[in-house]
Amino acid sequence: MDYPRLLKYCLAKPGAWEDEPWEGDVVAKVGDKIFAFLGETSVGLKCGRTREEADELTRVYPDDVSASAYIGRYGWNVVKLGGVVPDDELRELVDQSYDAIVAKLPKSKRPTA
């Protein structure tokens, strides 16, 4: 999957919107929380509740998935775009990251589908 298709997929989620909280860094948010850190060659996603859960993906795709800097200990991974992670699995990872972030939002800020 390439960057434009990934961005479009992320922004199609209910309540999702694009932000640039740091110059040159695009993220997809729901409410006021980030669910995807979007880069031209990779995407940062919440891939588990813990580092141990997120490490399952790094073991399956050691060359294309790694722990995110700074927030990796909270279950965030960086997934290489255009690598061996299949597009359908990447979409599932986006869905899981989105769902995990929505679940943490106050009910009043959760999008209605």
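1. Quick ground rule before helix 2 comes up: a residue counts as buried under 20% relative accessible area and as exposed over 50%. Also bear in mind that this is a predicted model.

2. With that in hand, take the outward side of helix 2. Glu52, Glu56, Arg59 and Val60 are exposed, and they sit on the face of the helix turned away from its buried side.

3. Now flip to the other side. Helix 2 covers residues 51-60, and its buried residues are Arg51, Ala54, Leu57 and Thr58. Looking down the helix axis, these buried residues fall within an arc of 110°, so they line one face of helix 2.

4. What do the buried residues of helix 2 pack against? Their partners are strand 5 (65-67), strand 6 (76-80) and helix 3 (87-104).

5. Over to the strands. Strand 2 (residues 25-30) pairs with strand 3 (residues 33-38) in the antiparallel sense, with five bridges between them. One spot to click on is Val30, which stands opposite Lys33 of strand 3.

6. The turn here deserves a look too. Two residues lie between strand 2 and strand 3 in this hairpin, and Gly31 takes a positive phi near 60°.

7. Strand 3 has a further partner to check: strand 4 (residues 42-46) runs antiparallel to strand 3 and is joined to it by three bridges. In this pair, Phe37 stands opposite Gly44 of strand 4. These strands form a hairpin as well, with three residues between strand 3 and strand 4.

Definitions and conventions:
Residues numbered from 1 in each chain as written. Predicted model: local features only at pLDDT ≥ 70, side-chain atom pairs only at ≥ 80, totals over all residues. Heavy atoms only, no water. Pairing = 2+ DSSP bridges. Helix = DSSP H or I, 4+ residues; strand = E, 2+ residues; numbered from the N terminus. Buried < 20%, exposed > 50% of the residue type's maximum accessible area, 1.4 Å probe, protein only. Arc of directions from axis to C-beta. Contact = heavy atoms within 4.5 Å.
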